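Here are a few friendly notes to read alongside the model. Could you keep the structure open while you go through them?

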Number of protein chains: 2
Amino acid sequence: VPLVDNGLELLSEDECWELLRAATVGRVGLSVKALPVILPVNHQVSGNKIRFWTGPGLKLQSVQTDTVVAFEVDGFSEQEHTGWSVLAVGLAVEVTDGAVLDALLRNGFQPWVSGDRTHLIEVNVEFLSGRRIVTAAEADSKGETGAGLG
Amino acid sequence: VPLVDNGLELLSEDECWELLRAATVGRVGLSVKALPVILPVNHQVSGNKIRFWTGPGLKLQSVQTDTVVAFEVDGFSEQEHTGWSVLAVGLAVEVTDGAVLDALLRNGFQPWVSGDRTHLIEVNVEFLSGRRIVTAAEADSKGETGAGLG
């Protein structure tokens, strides 16, 4: 029985990894000069690592020095007011091994954005959580009380 | 002529507001106990403020004490490898005026998630930026050199 917390069903770790792997675009969250920033990237999952390309600029300048970042994927239905999200947190490090970079590019993992994006960042996921909106009907069938405003 | 920066077209402030207003779901980025967090919410724009509901938990505990947060909306086409994103940054404060809350609820602005989400947060946008992926064809027609890996 899934755990429901204030209208949100908590996803299992396996479900979180599955959703992370299935998504092609996620969002990197980090602090730049003490201000929060969220920037989307197309990504790939390998083991417990999330990979994305970046170039000179805000993201790289921060992650070059081994920064803890958040990585989020989600999906929503505007019509049904449902959706889910997965949040990973971990240390981001740059991969500089040319053989690794070449192999990834050969296998078709490339940045969607043209221009200088030849730096590969890997996030070593240390914290992972996921949530799904429980519809009113589901909440009723599970006997949740206080369906609130949704 | 739009400004192109490393494969990304920078959007005007008007375009950014238009995309923020048109989106129904955005993502709040903030630091919680010094760790970056990204959490999606359904939102509404009024003037230069972004509003969303929240409940007891991470988000509210942080924004109750007037925190600077990021707010992001985006849209992507997996098939065409195109997309855009808008990033707002500003001070988040809780609105406690019962008349304001009642008026918003009467006008249909309600949280998608059921449960206890009766706290209204407003982000006063102080920094706003937007980017759009320039396709290879567009980059060619604009004479951008070094189309890179995209």
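1. Let's begin with a pairing in chain B, bearing in mind that this is a predicted model. Strands β6(B) and β7(B), the latter covering residues 82-95, lie antiparallel and are joined by 11 bridges. If you would like a pair to click on, B:Val68 has B:Leu91 of β7(B) as its bridge partner.

2. Next, have a look at the turn between these two strands. The hairpin of β6(B) and β7(B) leaves four residues between the strands, and B:His81 adopts a positive phi there, near 55°.

3. β6(B) also pairs with another strand. Strand β3 of chain B, residues 25-32, runs antiparallel to β6(B), and three bridges connect them. Here B:Arg27 sits opposite B:Glu72 of β6(B).

4. Is β6(B) mostly covered or mostly uncovered? This strand, residues 67-77, is mostly covered, with eight of its 11 residues buried. As a general reminder, side chains in a regular strand alternate between the two faces of the sheet.

5. Now for the two chains together. Which rotation places chain A on chain B? The answer is 180°, with 0.0 Å of shift along the axis and an RMSD of 0.0 Å. The two chains are therefore related by a two-fold axis. To find that axis on screen, go to A:Gly29: within chain A, its C-alpha is the nearest to the axis, at 3.3 Å.

6. Finally, the contact between the copies. Both use the same surface, as 100% of the contact residues of chain A recur in chain B.

Methods:
Residues numbered from 1 in each chain as written. Chains lettered and ligands numbered in written order. Predicted model: local features only at pLDDT ≥ 70, side-chain atom pairs only at ≥ 80, totals over all residues. Heavy atoms only, no water. Buried < 20%, exposed > 50% of the residue type's maximum accessible area, 1.4 Å probe, protein only. Pairing = 2+ DSSP bridges. Least-squares fit on C-alpha atoms with pLDDT ≥ 70 in both. Contact = heavy atoms within 4.5 Å.
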